[in-house]
Amino acid sequence: MYKIIFLLCLFFLNTGCTKSQITEQESTKHFLWKVSDADSYVWILGSIHMADSTFYPLDPVIMNAFNESQALVLEIDISNDSVLNESSSLSMDRGVLPSGQLLKDVLPDSTYMHLDSLFRSWGLSIDLFKNFRPWMVAMQISAMAIERTGFSSEWGIEYMLMDQAVLLGKEIVSLETPATQIEALATPSDTLGVYYLETTLKEISQIDSLLSQIAFAWQTGNRSKLQSLLNPKSQLKSDKEKEMDNVIKEKIYSERNIGMVNRIESFIKENKKFFIAVGAAHLIEDDDNILELLKNKGFKVDSF
């Protein structure tokens, strides 16, 4: 599930459950943590990149932490046009096939036909994507599949927090560079990119069920359930497939977590209140997640 989950990072659907349907015990925890040293602290929220209006307002616990903070930290500053333009330019640079090569040249016939059928069902032509590398196509169809559920980045947590930060005059800071994010997505070979695309096609067929389960796990603060959804164990995969999964996970999570932790450590040392919104998968995945790495550095991590 790494491809879609990375794009979501996480995006949670509203499942129709109301506050009254969540028990008091279940609703006492959120995907929110306070990380501190002896004299300073930052807030870290497991963020949602894509949502809809029904998800608001956010819980007061989250908003109180945001309101007391002096600066908002996003994975990249989506309020900055130059940052967005750099991201777009890098995506095209890394995501386009060499001149003279087409998508159908690098995909197995069965995968190409599957992709063509998907696009036809969406009323699109596969020719629109003929010049893109497989990993780029995987990210695009993930985004389109999510948007077809009725959710968009404009309703995402980052956009809401960004709008509030601008309104309140808060500083907005990037946790990563566009290059770091694009390199995490860009597969080192088309062989890995094809696998990336093929597994994404399988995930899309399950997206409604997956998102509903993720939504409820997040809304009820069920971190163990969310972790199992992010990292399902499959006994059916070959050793080669497991190896490629590990490569993808290393690029998308592990390597980036180290860089994020170094930045967060520098924020804490500034003795300034930061509110950091980062994909929840980076906070709960295995033992090399951001929170565990911060604990290993001696910081105190409290859950809210």
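In which hand does helix 5 pass helix 6? Helix 5 makes a left-handed crossing with helix 6. Before we go further, keep in mind that the model you're looking at is a predicted one.

**The chain as a whole**

Let's step back for a moment. The protein chain has 304 residues, and 52% of them count as buried. Along the chain you'll find 14 helices and six strands. Now take the contacts between residues at least 6 apart in sequence: 85% of these join residues at least 24 apart.

**Two helices side by side**

Back to our pair. Two packed helices are described by the angle between their axes and the distance between the axes. Here, helix 5 covers residues 109-121 and helix 6 covers residues 134-147, and the two pack at an angle of about 30° with axes 12 Å apart. Angles under 35 degrees count as roughly parallel, so helix 5 is roughly parallel to helix 6.

Who does the touching? On the helix 5 side, the contact is made by Leu-115, Leu-118 and Phe-119, while helix 6 brings in Val-137, Ile-141 and Met-144. Sort the residues of this contact by type and you get six nonpolar, no polar and no charged.

**Into the nonpolar core**

Two names from that contact turn up again in the largest nonpolar core. This core has 94 residues, and the members that touch the most others are Ile-44, Leu-115, Ile-141 and Phe-275.

Pick Ile-44 and look around. Setting aside neighbours within four places in sequence, Ile-44 is in contact with Phe-31, Leu-32, Trp-33, Val-35, Ile-264, Ile-276, Val-278, Leu-283, Leu-291 and Leu-294.

Follow the last of those names. Leu-294 sits in helix 14, which runs over residues 290-296. Beyond four places in sequence, Leu-294 touches Val-35, Ile-44, Val-261, Ile-264 and Phe-299. There's also a pair of positions to compare here: Leu-294 and Ile-258 are 36 residues apart along the chain, and their C-alpha atoms are separated by 9.6 Å.

**Four residues and their accessibility**

Here's a quick look at how open some individual residues are.

| Residue | Relative accessibility | Counts as |
|---|---|---|
| Leu-294 | 0% | buried |
| Glu-265 | 16% | buried |
| Pro-108 | 33% | partly exposed |
| Asn-271 | 48% | partly exposed |

Why does Glu-265 count as buried? The cut-off for buried is under 20% relative accessible area, and Glu-265 has 16% relative accessibility, so Glu-265 counts as buried. Glu-265 lies in helix 12, which spans residues 239-269. With neighbours up to four places away left out, its contacts are Lys-297 and Phe-299. You've met Phe-299 already, as one of the residues that Leu-294 touches.

**Two loop residues**

Where is Pro-108? Pro-108 is in the loop between helix 4 (103-106) and helix 5. Among residues over four places away in sequence, Pro-108 touches Val-194 and Glu-198. Pro-108 and Val-194 are 86 residues apart in sequence, yet the C-alpha to C-alpha distance between them is 8.4 Å.

Asn-271 belongs to another loop, the one between helix 12 and strand 5 (274-279). Check its backbone: phi of Asn-271 is near 55°, a positive value in a residue other than glycine.

Terms used. Residues are numbered from 1 along each chain as its sequence is written. This is a predicted model: local features need pLDDT of at least 70, side-chain atom pairs count only at pLDDT 80 or more; totals for chains, interfaces and linings use all residues. Side-chain values use heavy atoms; hydrogens and water are left out. A nonpolar core is a set of buried Ala, Val, Leu, Ile, Met, Phe, Trp, Tyr and Cys residues joined through side-chain atoms within 4.5 Å. Buried means under 20% relative accessible area, exposed over 50%, partly exposed in between (1.4 Å probe, protein chains only). Contact means heavy atoms within 4.5 Å. Axes are lines fitted to C-alpha atoms, for helices over the stretch in contact, and angles run from 0 to 180 degrees between N-to-C directions. Helices (H or I, at least four residues) and strands (E, at least two) are DSSP runs, numbered from the N terminus. Angles under 35 degrees count as roughly parallel, over 145 as roughly antiparallel, 65 to 115 as roughly perpendicular and the rest as oblique. A crossing is left-handed if the near helix is turned anticlockwise from the far one by less than a right angle, and right-handed if clockwise. Ala, Val, Leu, Ile, Met, Phe, Trp, Tyr, Cys and Pro count as nonpolar, Asp, Glu, Lys and Arg as charged, and the others, Gly among them, as polar.
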